[in-house]
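Here are my notes on the model you sent over, point by point. Keep the structure open while you read.

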Amino acid sequence: EEKCTYNQVEIVTSDGETYTLPRGQGSYTAAGAVSWTLLGGPKYCQMEDVIVPIKIAKYNAGKIVTEEVLTLKKGETSGIIRHPTIQRISFTVTLKSLNEQCS
């Protein structure tokens, strides 16, 4: 049976930004106050609902204040992501699509 893995995802934020992220890479928002990184996951069977882990780090004065890992399936939207010290930061992310490799 073929086993698959994802090598890239497309994420859309609630403020209309679209990011195409390869595995292990990430991006940031709010001048670096919040960053996210696409984590690797286990291999899975083709046609399974894939759960994609995304690490969210929140910074203040260049230091990490909190970290969490979101898990999303294709088409799923996260809960509201807020920053503990910057009230205006509030958004969601949606896993729009993912690119799979199977062998």
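1. W36 and F91 are both buried. Bear in mind that this is a predicted model. For W36 the relative accessible area is 2%, so this tryptophan is well under the 20% cut-off for buried. The ring centres of W36 and F91 lie 5.9 Å apart with the planes at 50°, which is why the pair counts as tilted. This contact links distant parts of the chain, since W36 sits in strand β4 and F91 in strand β9 (residues 90-91), 55 residues apart.

2. How many aromatic pairs does a search of the whole structure find? Two. Besides the pair in point 1, there is Y19 with W36, an edge-to-face arrangement with 5.3 Å centre to centre and 80° between the planes. Y19 belongs to strand β2 and W36 to strand β4, so here the pair ties together parts that are 17 residues apart in sequence. Y19 has 16% relative accessibility and therefore counts as buried. Taken together, the ring pairs join Y19, W36 and F91 into a cluster.

3. Stay with β2 for a moment. Its side chains alternate: Y19 and L21 point to one face and are buried, while T18, T20 and P22 point to the other face and are not buried. As background, side chains in a regular strand alternate between the two faces of the sheet.

4. The partner of β2 to look at is β1. The two strands pair in the antiparallel sense, over five bridges, and one match to look up is V12, whose bridge partner in β2 is T18. β1 and β2 make a hairpin with four residues between them. In that turn, G16 has a positive phi of about 90°.

5. Next, the open sheet. Four strands make it up, in the order β3-β4-β6-β7, and the pairing is antiparallel. At the edges are β3 (26-29) and β7 (63-72), each of which pairs on one side only. On average, neighbouring strands of this sheet are turned by 20° against each other, direction ignored. A reminder for reading the model: strands of a sheet pair through backbone hydrogen bonds, either parallel or antiparallel.

6. Within that sheet, have a look at β6 (residues 52-60) and β7. Nine bridges join these antiparallel strands. If you want to find the register by eye, I56 stands opposite E68 in β7, and K58 has T66 in β7 as its bridge partner. β6 and β7 also form a hairpin, with two residues between them. A61 in the turn has a positive phi of about 55°.

7. What about the inside? The largest nonpolar core has 23 residues, and Y6, V9, W36, V52, I54 and L98 are those with the most contacts inside it. Elements giving two or more residues to this core are β1 (3-13), β2 (18-22), β4 (34-38), β6, β7 and β10 (93-102). Of these, β1 gives the most, with four residues.

8. V52 is a handy residue to click on in that core. Which residues is V52 in contact with, leaving aside its neighbours within four places in sequence? The list is Y6, V9, L38, L70, T71, L72, L95 and L98. Y6, V9 and L98 from that list are also among the residues with the most contacts inside the core.

9. Now the cysteines. A search of the whole structure finds one disulfide. C4 and C102 form it, with their sulfur atoms 1.9 Å apart. The link is right-handed, with 105° about the S-S bond. Because C4 lies in strand β1 and C102 in strand β10, the pair ties together parts that are 98 residues apart in sequence. For orientation, a disulfide is a covalent bond between the sulfur atoms of two cysteines.

10. Is each half of that disulfide buried or partly exposed? C4 counts as buried, because its relative accessibility is 1%. C102, at 29% relative accessibility, counts as partly exposed. C45, by contrast, is in no disulfide: the nearest cysteine sulfur is that of C4, 7.8 Å away. With 17% relative accessibility, C45 counts as buried.

Notes. Residues are numbered from 1 along each chain as its sequence is written. This is a predicted model: local features need pLDDT of at least 70, side-chain atom pairs count only at pLDDT 80 or more; totals for chains, interfaces and linings use all residues. Side-chain values use heavy atoms; hydrogens and water are left out. Two strands pair if DSSP finds at least two bridges between them. Axes are lines fitted to C-alpha atoms, for helices over the stretch in contact, and angles run from 0 to 180 degrees between N-to-C directions. A nonpolar core is a set of buried Ala, Val, Leu, Ile, Met, Phe, Trp, Tyr and Cys residues joined through side-chain atoms within 4.5 Å. Buried means under 20% relative accessible area, exposed over 50%, partly exposed in between (1.4 Å probe, protein chains only). Contact means heavy atoms within 4.5 Å. A disulfide is a pair of cysteine sulfur atoms within 2.5 Å. Rings of Phe, Tyr and Trp (its six-membered ring) pair if their centres lie within 6.5 Å; planes under 30 degrees apart count as stacked, over 60 as edge-to-face and the rest as tilted.
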